[in-house]
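Q: Please take a close look at one helix of this model for me. I want to know how it sits in the fold, and then what surrounds it.

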Amino acid sequence: VTKPTLEVFLPSSENAKGIGVIVIPGGGYSVVVYQGEGVSTAKELAANGITAFVLKYRLPNDDIMLDKKNGPLQDAQQAIKLVRENAQKWGVDPQKIGVIGFSAGGHLASSLATRFNNHLVENENKTSLRPDFQIVVYPVISMTDDLTHPDSRKQLLGATPSAEDIELFSSQMQVTADCPPAYITHAADDKLVDVDNSIDYFEALRKNNVPVEMHIYPKGGHGFIFRNKGWIEPLLKWIDQF
């Protein structure tokens, strides 16, 4: 992906709740699982009255970016800026705009939710880049040696990241009391992205008094949304509070 895009999925007018969600698919920062995690999720959200925006973000690449570490987060910040500034056009309340991210997309979503004051895009209007809520699904959260998904870290930060970058890009270390409410879901038997990513993030949010709900399934592995069709029901109920 060299050109980022944002695809809009609108609910029916009689069903619309005025809530917007930016959908960030995963793919280990190597690919974007656009249809499976992006479009499929967006269609489900729209069917339930939520306006969805699927982000196809640029993959980290020094050939097309000044700093590949920041490219994906720039695209996520630009997406929330665009949606918030044009919320009326899509029938969305500008104070009801959240983000959902899967796997490495969960890392990007959590980065957006914890580093919203670090503006990486031009923002003349000083539009808030803070999501009103965050949802992470079997997310890569940490870049530490013992917890990270190695391929995601290598793609984003390179083969030998500095201690400073490891800390900055470990979302559990960037949590503050200002972070948006969170919904976390993971499978305990995930062999690709350790469930401790989610547990550590939950703990960091809880200790900072950020409202957080977590659902851990005993089985399902990585990518369980493709096998457990009921995963989204508790999430839809949670979103309705906004």
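A: Start with the buried residues. In helix α6 these are Asn197, Ser198, Tyr201, Phe202, Ala204 and Leu205. They span an arc of only 165° around the axis, so they fall on the same side of α6. The general rule behind this is simple: an α-helix has 3.6 residues a turn, so residues three or four places apart point the same way. Bear in mind that this is a predicted model.

Next, the helix itself. Helix α6 runs over residues 196-207 and has 12 residues. From first C-alpha to last, α6 reaches 16 Å, close to the 16 Å expected at 1.5 Å a residue.

What do the buried residues of α6 pack against? Their partners are α3 (104-114), β5, β6 and β7 (212-217). Each of these elements comes up again below.

Now for a salt bridge in the helix. Glu203 and Arg206 meet through their side chains, at 2.8 Å from N to O. Both residues belong to α6 and sit three residues apart, about one turn of the helix. Glu203 has 26% relative accessibility, so Glu203 counts as partly exposed. Arg206 is also partly exposed, at 43% relative accessibility. Elsewhere, Asp67, Lys69 and Asp165 are joined into one network by salt bridges that share partners.

Then comes the stretch just after the helix. There Asn209 takes a positive phi of about 60°. Asn209 is not a glycine. Most residues other than glycine have a negative phi. Asn209 lies in the loop between α6 and β7. Is Asn209 buried or exposed? Asn209 is exposed, with a relative accessible area of 69%.

Ser103 also has a positive phi, about 55°, although Ser103 is not a glycine. Ser103 lies in the loop between β4 (97-102) and α3, and α3 is one of the elements that the buried residues of α6 pack against. Here the relative accessibility is 8%, so Ser103 counts as buried.

Turn to β5, another packing partner of α6. The structure holds 10 aromatic pairs. One of them is Phe133 with Phe242, a stacked pair with 4.6 Å centre to centre and 20° between the planes. Phe133 lies in strand β5 (residues 133-137) and Phe242 in the segment after α7 (232-239), so the pair ties together parts that are 109 residues apart in sequence. With 0% relative accessibility, Phe133 counts as buried.

Strand β6 is also a packing partner of α6, and an aromatic pair starts there too. Tyr183 and Trp238 form a tilted pair, 5.5 Å centre to centre and 50° between the planes. This pair links distant parts of the chain: Tyr183 is in strand β6 (residues 182-187) and Trp238 is in helix α7, 55 residues apart. Tyr183 and Trp238 are both buried.

There is an aromatic cluster as well. Its members are Phe102, Tyr138, Tyr217, Phe224 and Trp231. Two of the names can be placed from the element ranges: Phe102 falls within β4 (97-102), and Tyr217 falls within β7 (212-217).

Rings also meet charges in this model. The charged end of Lys56 sits over the ring of Tyr34, 4.8 Å from its centre. Arg130 lies over the face of Phe116, at 6.0 Å from the ring centre.

Last, the salt bridges outside the helix. How many does a search of the whole structure find? The search finds nine. Among them is Arg58 with Asp75, whose closest N and O atoms are 2.9 Å apart. Arg58 sits in the loop between β3 (51-56) and α2 (71-85), and Asp75 in helix α2, 17 residues apart. Arg58 and Asp75 are buried. Arg84 and Asp132 form a salt bridge too, at 2.9 Å from N to O. Arg84 is in helix α2, whereas Asp132 is in the loop between α3 and β5, 48 residues apart. Both residues of this bridge, Arg84 and Asp132, are buried. By contrast, Glu203 in the α6 bridge is partly exposed, and Arg206 is partly exposed as well.

To pull the helix together: the buried residues lie on the same side of α6. They pack against α3, β5, β6 and β7. The Glu203 and Arg206 salt bridge lies within α6. Just after the helix comes Asn209, with its positive phi.

Key. Residues are numbered from 1 along each chain as its sequence is written. This is a predicted model: local features need pLDDT of at least 70, side-chain atom pairs count only at pLDDT 80 or more; totals for chains, interfaces and linings use all residues. Side-chain values use heavy atoms; hydrogens and water are left out. Rings of Phe, Tyr and Trp (its six-membered ring) pair if their centres lie within 6.5 Å; planes under 30 degrees apart count as stacked, over 60 as edge-to-face and the rest as tilted. Helices (H or I, at least four residues) and strands (E, at least two) are DSSP runs, numbered from the N terminus. Buried means under 20% relative accessible area, exposed over 50%, partly exposed in between (1.4 Å probe, protein chains only). A charge sits over a ring if NZ of Lys or CZ of Arg is within 6 Å of the ring centre and within 35 degrees of the ring normal. The expected span of a helix is 1.5 Å times one less than its number of residues. The arc is that of the directions from the helix axis to the C-beta atoms. Contact means heavy atoms within 4.5 Å. A salt bridge is a side-chain nitrogen of Lys or Arg within 4 Å of a carboxyl oxygen of Asp or Glu.
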